Amino acid sequence: MSDLADRRGVETEVYQPAEDSMLLADVAVDELAADARVLEVGTGSGVVAERVQDAGVEVVASDLNPHACQQARERGVPVVRADLVAPFRDAAFDAVVFNPPYLPEDPVAERGDWMEVALTGGETGREVVEAFLDDVVRVLASDGCVLLLVSTLTGVDEVVEYAADRGFSAVALRDESFPFETLTVLKLVR
């Protein structure tokens, strides 16, 4: 059992739905138009993509983790093994939904552990988010949007500022507070 799995009391190679997944899924279902073409990046178990798909929205999911891709497929979600948005064509999606790994990196963690990859976003917790924001505009239709889950552990203001530097304006759609963090779903538009 990996160190992270041991600390969580579970042995898994795929991030399973938690409060952050449910918050993002609820917002996505409320926010996305039925005729939207949607990409969910970092799908994990596929629960967010499944909920969006069940609401009648055309969705494709992606994840770097092959075990996550398999779980999403088992939910009936079309999925591609991919690093962020790399393999997708320009202007392919009306919306991109992402619950990124956002915890600051534990310097002693093994990066070979799929759960560590699913949860940690680099030294500040923003490195994966920033890499995503650097390229996501390429796959968005001109009037497309991003639904991005962020945590106070990562720095919501810092993410909004980084997104603004890439031409996005941000609005917080929903917040949910917990004893250790507040989660916010941002809607980013150009």
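Me: Among contacts between residues at least 6 apart in sequence, what percentage joins residues at least 24 apart?

Reply: In this predicted model, 63% of the contacts between residues at least 6 apart in sequence join residues at least 24 apart. One residue to follow here is leucine 147, which lies in strand 5 and is 25 residues from alanine 172 in sequence, with 9.6 Å between their C-alpha atoms.

Me: Which residues are in contact with leucine 147, leaving aside its neighbours within four places in sequence?

Reply: The partners of leucine 147 are Leu24, Ala28, Glu31, Leu32, Val96, Val97, Phe98, Leu173, Val185, Leu186 and Lys187. Because the cut-off for burial is under 20% relative accessible area, leucine 147 counts as buried at 0% relative accessibility. For the protein as a whole, 48% of its 190 residues count as buried, and its accessible surface comes to about 8,700 Å², of which carbon and sulfur atoms hold 48%.

Me: How many helices and strands does the protein have, and in what pattern along the sequence?

Reply: There are seven helices and seven strands, and along the sequence they follow the pattern α-α-β-α-β-α-β-β-α-α-β-α-β-β.

Me: In what order do the seven strands form the sheet?

Reply: The seven strands form an open sheet with mixed pairing, in the order 3-2-1-4-5-7-6. Its edge strands are strand 3 (79-81) and strand 6 (169-177), each of which pairs on one side only. Neighbouring strands are turned against each other by 20° on average, with direction ignored. Strand 1 (residues 37-41) and strand 4 (residues 93-98) offer a case to inspect, since they pair in the parallel sense over four bridges, and valine 38 has alanine 95 in strand 4 as its bridge partner.

Me: Which strands does helix 2 touch as it packs on the sheet?

Reply: Helix 2 (residues 19-31) touches strand 4, strand 5 (140-151), strand 6 and strand 7 (182-189), and its direction makes about 130° with that of strand 6.

Me: Which residues of helix 3 are buried, and what covers them?

Reply: In helix 3 the buried residues are Val47, Val48, Ala49, Glu50 and Val52, and their cover includes helix 2, strand 1, strand 2 (58-63) and strand 4. Just after helix 3, glycine 56 takes a positive phi of about 90°.

Me: How should I read the nonpolar cores, and which residues of the largest one touch the most other members?

Reply: The general idea is that, in soluble globular proteins, nonpolar side chains tend to be buried together. Here the largest nonpolar core has 27 residues, of which Val96, Phe132, Leu133, Val136 and Leu148 touch the most other members. The elements giving two or more residues to this core are strand 1, strand 4, helix 6, strand 5, helix 7 and strand 7, and the largest share, five residues, comes from helix 6. Apart from this core lies another, of 26 residues, among them Ala49, Val59, Cys145 and Val185. Leucine 133, leaving aside its neighbours within four places in sequence, is in contact with Val159, Tyr162, Ala163, Arg166, Phe168 and Leu188.

Me: How many salt bridges does the structure hold?

Reply: In general, side chains of opposite charge can pair when their charged atoms come close. The structure holds nine salt bridges, one of which joins arginine 75 to glutamate 50, with 2.7 Å between the closest N and O atoms. Arginine 75 lies in the loop between helix 4 (66-74) and strand 3, while glutamate 50 lies in helix 3 (residues 47-54), so this pair ties together parts that are 25 residues apart in sequence. With 30% relative accessibility, arginine 75 counts as partly exposed.

Me: Which parts of the chain do the salt bridges of arginine 138 and arginine 166 tie together?

Reply: Aspartate 90 and arginine 138 meet through their side chains at 3.1 Å, N to O. Since aspartate 90 lies in the loop between strand 3 and strand 4 and arginine 138 in helix 6 (residues 127-139), the pair ties together parts 48 residues apart in sequence. Aspartate 134 forms a salt bridge with arginine 166, the closest N and O atoms being 2.7 Å apart; this pair links helix 6, which holds aspartate 134, to the loop between helix 7 (156-165) and strand 6, which holds arginine 166, over 32 residues. Aspartate 134 is partly exposed at 44% relative accessibility, as is arginine 166 with a relative accessible area of 32%. Salt bridges that share partners also join Asp90, Asp135 and Arg138 into one network.

Key:
Residues are numbered from 1 along each chain as its sequence is written. This is a predicted model: local features need pLDDT of at least 70, side-chain atom pairs count only at pLDDT 80 or more; totals for chains, interfaces and linings use all residues. Side-chain values use heavy atoms; hydrogens and water are left out. Two strands pair if DSSP finds at least two bridges between them. Axes are lines fitted to C-alpha atoms, for helices over the stretch in contact, and angles run from 0 to 180 degrees between N-to-C directions. Contact means heavy atoms within 4.5 Å. Buried means under 20% relative accessible area, exposed over 50%, partly exposed in between (1.4 Å probe, protein chains only). Accessible areas come from the Shrake-Rupley method with a 1.4 Å probe; for residues, only the protein chains shown count as cover. A salt bridge is a side-chain nitrogen of Lys or Arg within 4 Å of a carboxyl oxygen of Asp or Glu. A nonpolar core is a set of buried Ala, Val, Leu, Ile, Met, Phe, Trp, Tyr and Cys residues joined through side-chain atoms within 4.5 Å.
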